[in-house]
Amino acid sequence: MTTQAASREPHQLVHGGLAMHELVRRLYPLCRSITGDGVRRTLAIVGESIPLDVSEVPTGTEVLDWTIPKEWNIRDAYVKDADGRRVIDFTESNLHVVGYSVPVPPTTMSLGELRGRLHTLPDQPDLIPYRTSYYKETWGFCLRQETLAGLPDGDYEVMIDSTLEDGHLTYAEHVVPGRTDEEVLISCHVCHPSLANDNLAGIAVAVRLARWLGELEDRRYTYRFVFAPGTIGSITWLARNRERAASKVRHGFVLACAGDRGTPTYKRSRRGDAEIDRAVTHVLNGREHTVLPFTPYGYDERQYCSPGFDLPVGCLTRSTYAGYPEYHTSGDDPDFVSPDALADTLTTCQSVVRVLEGNRRYVNLSPYGEPQLGRRGLYGSLGGRSDTQALQMAMLWVLNLSDGVSKDTTLLDIAERSGLSFDAVAEAAWALAEAGLLKEIR
Ligand code: ZN
């Protein structure tokens with residue numbers, strides 16, 4: 001976290017937003033699900049930017065209270081009218097087929113017979129809903145209500161060229177090593193087909209964050225990125241990493257809905273006041289944002305925060321889980337995601353990392369009366385900076401609260417109590433330590 005690294009960021013971010021948006025667009029057409037080649041192709045593309053350790057877990061493997069399901073793949077599907085015209089066409093949008101639909105050979109049905117298999121959104125007639133049936137074998141189609149309204153009675157041919165067979169569940173990890181093996185876990189789901197904000201935006205921000213972390217000169221923590229299908233994927237990771245989860249994960253967050261034009265939302269971990277909860281809320285303070293209490297629903301924080309694990313893992317989004325009209329519809333397309341919002345989410349994540357990395361405890365070595373800062377060049381060194389006053393106040397706060405008595409007082413405690421930014425407090429502590437007035441407590 002050098003000043004040099006900080007000064008490079010704005011330049012990176014300008015390009016970062018566009019690059020992240022480009023990745024969203026590239027991944028968008030792939031038909032992902034909780035298993036199958038769509039996930040593999042997604043991870044292969046992510047792997048072009050950051051090296052991934054990919055795991056394949058066979059169908060039937062028991063993972064905690066769950067079992068890895070059959071693997072699903074799909075090549076084509078349609079509903080054709082009497083003229084042979086595709087009125088519902090998988091190749092137009094992969095949302096048209098209910099996820100995990102069993103294969104259906106070409107079959108002629110009346111519209112009346114077909115209706116029970118058709119899903120629409122009457123209140124959003126121009127959007128295709130996203131539906132799945134992972135754990136009950138069935139099939140179906142999703143379409144715009146306005147398309148359904150225009151279908152005349154009569155016979156239709158339906159076909160789904162899918163397979164549901166023994167195979168594997170695929171997930172991947174990317175690790176950025178640090179000085180210690182204490183870990184920060186960052187988790188994204190990779191199981192949604194053509195949905196941009198709810199899925200791809202989180203992946204795009206995570207990829208960029210991983211690259212930025214890799215370029216830092218020094219890292220205190222090891223950062224582990226998990227790209228796994230929602231629910232069953234994080235459960236699989238937890239089942240195979242019980243020991244790591246219990247002993248190594250110090251902080252973490254689930255990253256999702258990372259690119260819509262809403263303001264940031266943070267959902268606290270089950271613990272409620274874990275360091276990650278305090279770090280994120282501190283970073284978001286002073287700007288428009290929402291902080292939500294923990295609930296056992298939502299994204300994969302549900303699994304990481306299940307009581308047996310109770311990991312300090314929150315959830316960072318922009319609009320909340322299921323909290324926007326385009327959620328789980330064809331309206332959640334790449335245009336719903338903006339490069340600026342992606343860049344803003346990335347900046348937020350970087351600020352959170354800076355707090356986690358820099359949150360140390362110190363003791364004041366000159367606690368009797370204020371030490372004379374001017375004599376040590378600590379005022380002069382800050383001359384001409386617009387934030388001089390904040391830095392001076394930060395030095396006074398750090399000296400005062402790092403009393404060596406309350407040994408648990410961290411720089412984040414000082415930032416919260418003083419109302420100053422963490423960056424100012426951390427910079428003040430660094431300057432005071434350099435001047436020999438402060439010593440880190442390890
Ligand atoms: Zn979703």
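Begin by selecting domain 1 and domain 2: 20 residues of domain 1 are in contact with twelve residues of domain 2, contact being heavy atoms within 4.5 Å. This is a predicted model, in which local features need pLDDT of at least 70 and side-chain atom pairs count only at pLDDT 80 or more, while totals for chains, interfaces and linings use all residues. Residues are numbered from 1 along each chain as its sequence is written, and side-chain values use heavy atoms, with hydrogens and water left out.

For the selection itself, use 3–68 + 168–358 for domain 1, 92–165 for domain 2 and 362–440 for domain 3; the bounds come from an automatic or database domain assignment. The C-alpha centres of domain 1 and domain 2 are 31 Å apart.

Next, display the interface of these two domains. Domain 1 and domain 2 bury about 1,200 Å² between them, with 57% of it on carbon and sulfur atoms; buried area is the accessible area (1.4 Å probe) that two parts lose on being put together, summed over both. On the side of domain 1 that touches domain 2 there are eleven nonpolar, nine polar and no charged residues. Here Ala, Val, Leu, Ile, Met, Phe, Trp, Tyr, Cys and Pro count as nonpolar, Asp, Glu, Lys and Arg as charged, and the others, Gly among them, as polar. The rule finds zero salt bridges across this interface (a side-chain nitrogen of Lys or Arg within 4 Å of a carboxyl oxygen of Asp or Glu).

Now select Y134, H192, T231, Y321 and H328. Of the 20 residues that line the second largest pocket, these are the closest to its centre. A pocket is an open set of points on a 1 Å grid over the protein atoms alone, with protein on both sides within 12 Å along at least five of seven lines; lining residues have an atom within 4 Å of a point. The volume of the second largest pocket is about 460 Å³, and its lining divides into ten nonpolar, seven polar and three charged residues. Domain 1 and domain 2 both give residues to this lining, so the pocket lies between them.

Finally, select R32, W72, V97, G99 and P193, which lie nearest the centre of the largest cavity among its 15 lining residues. A cavity is a set of grid points where a 1.4 Å probe fits but cannot get out. The largest cavity holds about 80 Å³ of space, and its lining draws at least three residues from each of domain 1 and domain 2.

Notes. Grid points are joined across faces, edges and corners, and a volume is the space filled by probe spheres set on the points.
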